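User: Hey, got a minute to walk me through this model? I'd like to go through the helices and the sheet.

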Amino acid sequence: VGVEDLSAKRRAVQAARNAGRELSPEEDQTYFTLEESMTEMRELITTAGMELVGEMTQRLNEPNPKTYVGTGKVKEAQELLQELGSCTVVFDAELSPGQQKALENSFNKKLLQNDFLGAEQNDTALILDIFAQHAKTREGKLQVDLALHEFRKPRLTKMWTHLERQSGAGGVGLRGPGESQLEIDKRLLRDRIIVLKRKIDDVQKQRDLHRKGRLNAGLPILSLVGYTNAGKSTLLNYLTSAGVMAENILFATLDPTTRKVKLPGHKTHPEVLLTDTVGFIQKLPTQLVAAFRATLEEVREADVLVHVIDVSNPMWAKQANAVRTVLNEIGAGDKPMVQLLNKIDLLSAEDAAYCREEMRQMKNAVAVSAITGEGMEDFVAVAEEAMADLLVPVEMLIPYSKGDDLNIIHEVGAVEEVDYKETGTYIKGRVPKSVAMRLHEHRLDV
């Protein structure tokens, strides 16, 4: 069931007018049309392993507070369910727990005990289902499990009338009505959430140790971000031969992968660390943002973000805006960014020319193909420019007994001048700030 809520954009337009301005093109690009959202929903349904057998759509001036869509559409969906013999209805909307329960009652389907996926799903449940299927590592499984439990918590209802009350068994004077099934479920769910959060905190500590090790190495960190299925893992594989799963499906990558890479032709930083992260999507569920905080921390801690954009998708401009919105929400919107217009090999000559023209209007942008390698030299040049501010100019005199310090400068910095003097090696160049602070005792320019 595709739903376009016209009130959201109307409120944004009204807010802009109240502020004495019109809605900017960037703000207008935030809103997906009904057909664009339906195209994405079809891909989500396919990725979740379900078969799409029927569709219906509705444009709403205001959502129905009880069932989100109108009562006529609910009845129409009931008839279509019976006609097609379908067992699941997916709504392209964020349904409240009350709306979800009202729709389940309307469709009158028998729900599986303790199953949060009943006869009706919304886009959040669908995305969580996909994440559950694709989680491979312990960290990924913990994060998805937490998101699932947080999603289920406000949706618990009394589904077993025959277990409405348990008798208290404790002897004379201790008998009572017992706990209701709902209270038991809530307590079990709450306890499980506490356990999961503790385990994820342990994972967070391990990530912090790894992150400190990378910081001590002085290598700049480039984090690949972008809409799901934009080609981030393919780019990482092209540059590093990392062997990361890269398929033409949504959310193929859940766990961050970091690799050291020597970018071809790179002069400022001989080596960098490249991290592949989970893909974003419009209306990214808040449960996922909270549960995947350890993973998203990799984005916040990166020195430069590489925003991979699938320009073969007609909705690429809106997808790019959706990514920027999520980056702002997690506190990474002000990071230096390189915009990578990927998959130009899939464009016609006319579309590719248009893409390159658009690229010239964007800051730190380059058109590439992660499959063929086209444009990678331009990417290296743009990345080098974005990372230039990460280095500070230094002049040092390194004693000959401190050969390790000299090696560090050559590995992570850009050496401009070398002179072998009587007391040591004179170095002039640019190094990361952390290295400059660590080797402060050798500096001549402070």
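User: Which strands does α12 lie across, and at what angle does α12 run to β8?
Analyst: α12 lies across β5 (221-226), β8 and β9, and runs at about 150° to β8. Axes here are lines fitted to C-alpha atoms, for helices over the stretch in contact, with angles from 0 to 180 degrees between N-to-C directions. Helices (H or I, at least four residues) and strands (E, at least two) are DSSP runs, numbered from the N terminus.

User: Any caveats on the source?
Analyst: This is a predicted model, where local features need pLDDT of at least 70, side-chain atom pairs count only at pLDDT 80 or more, and totals for chains, interfaces and linings use all residues. Residues are numbered from 1 along each chain as its sequence is written, and side-chain values use heavy atoms, with hydrogens and water left out.

User: OK, the sheet. What's the strand order?
Analyst: Six strands make an open sheet, ordered β6-β7-β5-β8-β9-β10, with mixed pairing. β6 (257-261) and β10 (365-367) are the edge strands, each pairing on one side only. Pairing takes at least two DSSP bridges between two strands.

User: And how many bridges join β8 to β9?
Analyst: Six, between residues 304-310 of β8 and 337-342 of β9, and the two strands run parallel. One example is L305, whose bridge partner in β9 is M337.

User: Switching to T275: buried or exposed?
Analyst: Buried, because its relative accessibility is 1%. The cut-offs are under 20% relative accessible area for buried and over 50% for exposed, with partly exposed in between (1.4 Å probe, protein chains only). T275 lies in β7 (residues 272-276). Beyond its neighbours within four places in sequence, T275 has contacts including I221, L224, P256 and E298, a contact being heavy atoms within 4.5 Å.

User: Now α6 and α7. What's their packing angle?
Analyst: About 155°, with the axes of α6 and α7 (residues 138-152) 10 Å apart. The two helices are therefore roughly antiparallel; the classes are under 35 degrees for roughly parallel, over 145 for roughly antiparallel, 65 to 115 for roughly perpendicular, and oblique for the rest.

User: Which residues meet there?
Analyst: T124, A125, L128, F131 and A132 of α6 meet V144, A147, L148 and F151 of α7.

User: Last one: what do the buried residues of α3 pack against?
Analyst: Their partners are β1 (2-5), β2 (57-60), β3 (89-91), α6 (123-134) and α12 (316-329). Among the buried residues in α3 are L34, M38, M41 and L44. Just after α3, G49 has a positive phi of about 85°.
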